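Hi,

Here is the structure I said I would pass on. Have a look at it first, and then read on for my notes on what turned up.

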Amino acid sequence: MLVDYPGPWTFLLGRLDAREIPLQNPILLWTFVLVSVGAVAVIGAVTYYGSWGYLWREWLTSLDHKRIGVMYCLLGVAMMFRGFIDGVMMRTQQLMAVGPKSPGYMGALHGYLPPYHFGQIYSAHGTIMILFAITPILVGIMNIIVPLQIGARDMAYPYLNAMSFWLTAAATGLVMISLFVGDFSHAGWVGLSPLTELAYSPGVGVDYWSWAVQIGGVGTTLASINIIATIIKMRAPGMSWTRMPIFCWTALSASVVGLSSFPVLTAAVALLSLDRYAGTHFFTPGLGGNLMLYTDLFWIWGHPEVYYVVLPAFGILSEIIPTFSEKPLFGYVTMAAASIAIGGVSWSVWLHHFFTMGAGPGVNAFFSIASMLVGIPTGVKVFNWAFTLYRGRVRFDVPMLWALGALVLLLTGGLTGMMLAMPAINYTVHNSVFVVAHFHNMLNVVGFACFGAINYWFPKVFGFRLDERTGKLAFWFFSAGTVVLFGSMYALGFMGMPRRMDYIPFTSWRPLLMGEEAGILLFLVASYYFVKQLFVSIRDRAKNRVTASDAWGTSRSLEWLTHSPVPFYNFAVQPHINSRDEWAWRREHGLGHVRPDRYEDIHLPDNTPLPVMLGACAFALGFGLVWRMYWLAASGLVGIVVLVIARSFQDGPGHTVPGARIRQMEASYAAAPGEVGAARDPVGGVAAWQTASAPRPRAGDGRPARP
Amino acid sequence: MSQDAHVDSATAVLWDRGGTKHDMIATRTFGFWLYLLSDAMIVSSLFASYLVLGHRVNAAAGPSAGDVVHPIAAFWGTVLLFSAILAYGGAMVGLKRGDRRAVLAGLGGAFVLGAGFLFVEGRDFAELALHGMVPERSGYLSAFYTLVLYHGAHLVFGLLWIAVMMAQVARQGFTANVIYRLLNLKLFWFFQGFVWIYVFSFVYLTGALHVH
Ligand code: HEM
Ligand SMILES: [Cu+2]
């Protein structure tokens with residue numbers, strides 16, 4: 001049943017041997033050295049401070065939705081950095097390899113990256129940015145915020161939540177290890193068929209890509225199930241559908257899209273793996289395969305996926321803009337309806353990714369019109385945000401800057417999308433960098449929203465605000481980079497530059513390529529300021545300490561009702577919802593400081609190492625399959641089954657936190673300045689952070705002092 | 001400014017004392033429905049692939065549906081599968097009465113009948129393989145085997161799950177955890193019958209008409 005492929009195989013190591021570790025490639029060698037030094041430094045630091053136990057008990061085995069969400073975000077931000085480095089490398093190669101006279105270095109004819117290496121970089125860049133950077137960050141934000149906004153104590157399935165995270169982490173691990181052991185796919189993030197078939201890509205690169213995508217896809221599907229069930233089943237009493245924050249609406253719509261589309265991706269890539277391992281002929285050029293089948297299946301996931309990431313971003317904008325306009329959101333009902341409508345329409349537009357593949361005028365016309373229909377609900381949203389700003393008392397805090405930037409980008413990205421959705425235009429720019437500029441423009445909307453969300457909700461989770469000055473610098477450099485880089489790219493697209501080129505034949509494109517390089521250097525500066533922002537904020541946390549439950553003074557939704565940082569139990573007593581913007585309603589009616597007079601016992605699930613172990617087994621399964629070490633793959637699979645069964649036999653009684661202890665903790669939050677700290681058990685409870693004793697007036701007593 | 005000005009802030013309830021208890025069993029079952037939805041998406045993708053690769057070209061001058069499917073064998077398989085589902089229904093009746101032995105008997109019956117289905121299917125496939133009709137032969141056969149075996153793999157998993165549940169019912173009795181798992185397994189098991197209806201109609205019955 002198993003297919004033949006070129007090259008040796010041993011039982012113990014499968015296809016792996018020492019030559020697969022690319023020591024001869026100076027770039028990878030130095031990356032390897034750098035990553036190793038970094039890893040040793042981190043491990044050393046954790047050991048030095050004796051934090052292993054803390055890390056294991058409080059984070060890695062945690063079932064707390066806030067901690068899992070934070071881990072998701074950290075994973076996503078780290079991977080975004082990796083994807084960004086890939087981007088810098090591609091930009092630089094394209095700038096160096098212009099014209100026949102351009103010199104070549106390190107084995108490349110032009111520039112410094114040979115075509116095969118270049119192909120791996122752009123494939124890794126796309127796969128990482130979409131699946132392992134933006135998706136985890138958004139899932140992380142939904143994880144943290146959704147339960148808080150609906151007044152729940154945790155997600156509907158805390159254990160499944162941890163499992164989803166560790167599956168995502170395992171998949172990410174596969175992508176990362178492909179840097180140093182073997183190679184990665186060179187067939188694009190979309191897995192261009194039939195290039196991905198064994199006959200044309202006999203190495204392990206495509207296998208790394210495909211198993212990472214499948215394992216990560218399962219993780220994201222499970223996360224979607226969890227978020228849907230949480231929103232439907234766990235809302236606090238009084239929170240009817242029309243009182244639910246818009247972010248929850250978008251999270252719901254996005255999760256329905258994710259739940260229904262990710263399985264299709266898993267199926268498409270699994271069929272490809274069957275071709276590569278079992279010798280079937282789903283997508284092969286001969287013997288009855290059909291490569292358009294792959295293309296269709298991929299984009300049936302691919303297009304809904306772009307809405308899976310953009311919908312939560314819309315939700316984030318809908319939370320930030322009212323807060324900093326000091327007004328309720330305009331057009332709540334249409335906003336909720338538009339979120340659902342966008343999710344629905346996203347299902348019937350996938351063919352616009354291959355208008356040029358010869359489907360015929362009728363089919364193209366259908367998908368063209370369907371694609372443009374998306375513009376209607378999106379337009380509704382844009383107008384709603386604009387009317388929210390209209391006559392509001394607009395404040396330009398860092399989250400608001402990111403939100404406004406996202407709005408501008410949404411406009412240009414949406415308009416170029418409309419252009420692409422017209423087959424007549426599409427035929428001239430398809431597969432050019434114009435398309436690349438369009439979707440980077442759209443994905444930057446998501447990126448801006450993520451940065452906005454990080455700045456907006458950071459004080460809720462960690463109890464102190466992020467530094468304002470460096471945050472603003474990061475925003476402005478990032479925005480400038482976006483304009484310079486993607487402006488140049490749009491122009492190059494109009495000039496007909498195809499995407500994914502490792503060598504540029506026309507020297508007349510050099511000025512615009514330099515523009516792109518300048519743009520990415522601005523991104524580099526922006527990343528520096530982002531890292532600096534985190535560093536400065538943690539260093540000066542005492543100064544930025546949030547003294548009220550509402551970090552911005554004008555927030556509206558329920559998450560701002562509980563303390564900052566959020567205690568592990570979220571709400572000491574489940575709130576009863578009286579209004580659409582519950583926190584704003586309580587504040588405006590002078591109820592902001594009213595605390596419950598009586599506390600009850602709280603029941604919580606115990607931490608468990610099983611999800612981490614499951615992730616490890618999934619990694620072993622993936623790694624074993626990539627290298628065709630079948631014993632390892634089989635052990636991984638058996639391990640997963642055994643762990644699942646073992647879990648079902650331990651009925652996990654959980655533990656109860658007595659009401660008296662809750663009262664104590666609540667009292668410590670409201671205590672006089674200087675007396676706080678000891679009893680605090682916040683989500684970001686890194687021991688050092690708790691020792692800073694900043695003044696802390698009564699929690700929940702309204703707006704912080706603002707200049 | 002607030003939209004819900006009609007709630008009187010002086011008398012409004014702010015905290016939900018006594019804590020509304022979420023119905024654990026209902027929440028778990030709901031999540032399982034969502035999982036089934038995602039699985040149905042995979043099944044639909046496989047059906048789509050089967051229909052796309054059902055064209056003559058995709059048989060690559062090899063056997064096509066008419067040569068491959070054995071509706072009679074599949075019919076006996078169908079009888080076994082639906083008896084297995086009926087047996088599971090029996091276990092559910094036992095659960096309502098809180099009758100441990102009836103539940104164990106129903107689960108045991110479902111296990112044996114489900115295994116019987118797999119036996120019939122396996123024998124059918126072994127015969128096909130003997131005639132060189134293997135997945136590697138053509139795009140059509142790849143899609144055929146993948147679709148039918150995806151269903152079969154679910155049954156294998158279902159058997160494992162039934163075995164685990166028999167152990168849990170015998171050891172733990174009807175705790176809330178055991179009950180929600182029995183309900184989810186019911187959904188899972190019935191869902192396999194539901195998928196099989198489509199496989200039987202679109203692959204076996206329709207296929208049998210395609211004799212050339
Ligand atoms: C107003 C709504 C939108 C329309 C009408 C639209 C239209 C299009 C069209 C027609 C293409 C295919 C171009 C080609 O390959 O010839 C395309 C590509 C793409 N769009 Fe959009 N788009 C819209 C919104 C979005 C959003 C919200 C995102 C993501 C957040 C997005 C991400 C992408 C991606 C990732 C690709 C191409 C991927 C690839 O080929 O590798 N688009 N869009
Ligand atoms: Cu699209």
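Let's begin with the metals. The copper ion (ligand 2) is held by three histidines, His303(A) through ND1 and His352(A) and His353(A) through NE2, at 1.8 to 2.0 Å. Please keep in mind that this is a predicted model, and the distances here are computed from it. Along the chain, the copper donors follow the spacing H-x48-H-H. The two neighbours in that motif fall into separate burial classes: His352(A) counts as buried because its relative accessibility is 16%, while His353(A), at 22%, is partly exposed. The cut-off that matters there is 20%, since buried means under that value.

What lies 4.4 Å from the copper ion (ligand 2)? That would be the iron atom of ligand 1. His438(A) is the only protein donor of that iron, through NE2 at 2.2 Å, and His438(A) belongs to helix α14 (residues 433-462) of chain A.

Next, a helix to look at: α8 of chain A, residues 291-325. At 1.5 Å a residue, its 35 residues should span 51 Å, and the end C-alpha atoms are indeed 51 Å apart, so the two agree. Is α8(A) enclosed by the rest of the structure or open? It is largely enclosed, because 31 of its 35 residues are buried. At its start, a side-chain oxygen of Asn290(A) comes to within 3.0 Å of the backbone nitrogen of Met292(A). Just past the other end, Glu326(A) has a positive phi of about 55°.

Glu326(A) comes up again in the salt bridges. The search over all chains gives 18 of them in the whole structure. Here are three from chain A:

- Arg539(A) and Asp540(A) meet through their side chains, 3.1 Å from N to O.
- Arg395(A) pairs with Asp397(A) at 3.5 Å, N to O, and both residues are buried.
- Arg556(A) bridges to Asp581(A), with the closest N and O atoms 2.8 Å apart. Both partners sit in the loop between α17 and α18 of chain A, 25 residues apart. Arg556(A) is buried, and Asp581(A) is too.

Through shared partners, Glu326(A), Arg393(A), Arg395(A) and Asp397(A) are joined into one salt-bridge network. As general background, side chains of opposite charge can pair when their charged atoms come close.

That α17–α18 loop holds other things to look at. A cis peptide bond joins Ser564(A) and Pro565(A), with omega about -10°, and Pro565(A) lies in this loop. Asn578(A) is also in the loop, between α17 (541-544) and α18 (582-588). Asn578(A) counts as buried because its relative accessibility is 6%. How far apart in space are Asn578(A) and Ser240(A), which are 338 residues apart in sequence? The answer is 9.6 Å, C-alpha to C-alpha.

There is a cis peptide bond between Ser193(A) and Pro194(A) as well, with omega about 5°. Pro194(A) is in the loop between α5 (158-177) and α6 (205-233) of chain A.

Now some backbone oddities. Leu287(A) is not a glycine, yet has a positive phi of about 55°. You'll find Leu287(A) in the loop between α7 (246-278) and α8 of chain A, where its relative accessible area of 42% makes it partly exposed. Arg500(A), also not a glycine, has a positive phi near 60°. Its place is the loop between α15 (468-494) and α16 (510-539) of chain A, and at 25% relative accessibility Arg500(A) counts as partly exposed.

On the surface, Trp9(A), Phe11(A), Leu12(A), Leu13(A) and Trp631(A) make a nonpolar patch of about 530 Å². Trp631(A) comes from helix α20 (residues 630-649) of chain A and is partly exposed, at 34% relative accessibility.

One note from chain B to finish. Thr175(B) lies in the loop between α5 (139-172) and α6 (176-208) of that chain, and a relative accessible area of 27% makes Thr175(B) partly exposed. The C-alpha atoms of Thr175(B) and Leu51(B) are separated by 45 Å, with their positions 124 residues apart along the chain.

Cheers

Methods:
Residues are numbered from 1 along each chain as its sequence is written. Chains are lettered from A and ligands numbered from 1 in the order in which they are written. This is a predicted model: local features need pLDDT of at least 70, side-chain atom pairs count only at pLDDT 80 or more; totals for chains, interfaces and linings use all residues. Side-chain values use heavy atoms; hydrogens and water are left out. Patches are made of residues with over 30% relative accessible area and no salt bridge: like charges are joined within 9 Å, nonpolar side chains (Val, Leu, Ile, Met, Phe, Trp, Tyr) within 5 Å. Accessible areas come from the Shrake-Rupley method with a 1.4 Å probe; for residues, only the protein chains shown count as cover. A salt bridge is a side-chain nitrogen of Lys or Arg within 4 Å of a carboxyl oxygen of Asp or Glu. Helices (H or I, at least four residues) and strands (E, at least two) are DSSP runs, numbered from the N terminus. Buried means under 20% relative accessible area, exposed over 50%, partly exposed in between (1.4 Å probe, protein chains only). The expected span of a helix is 1.5 Å times one less than its number of residues. A polar contact is a pair of N or O atoms within 3.5 Å; within protein, one must be able to donate a hydrogen and the other to accept it, and residues adjacent in sequence count only if both atoms are side-chain atoms. Donors are N, O and S atoms within 2.8 Å of the metal (3.2 Å for Na, K and Ca); water is not among the atoms, so sites may look incomplete.
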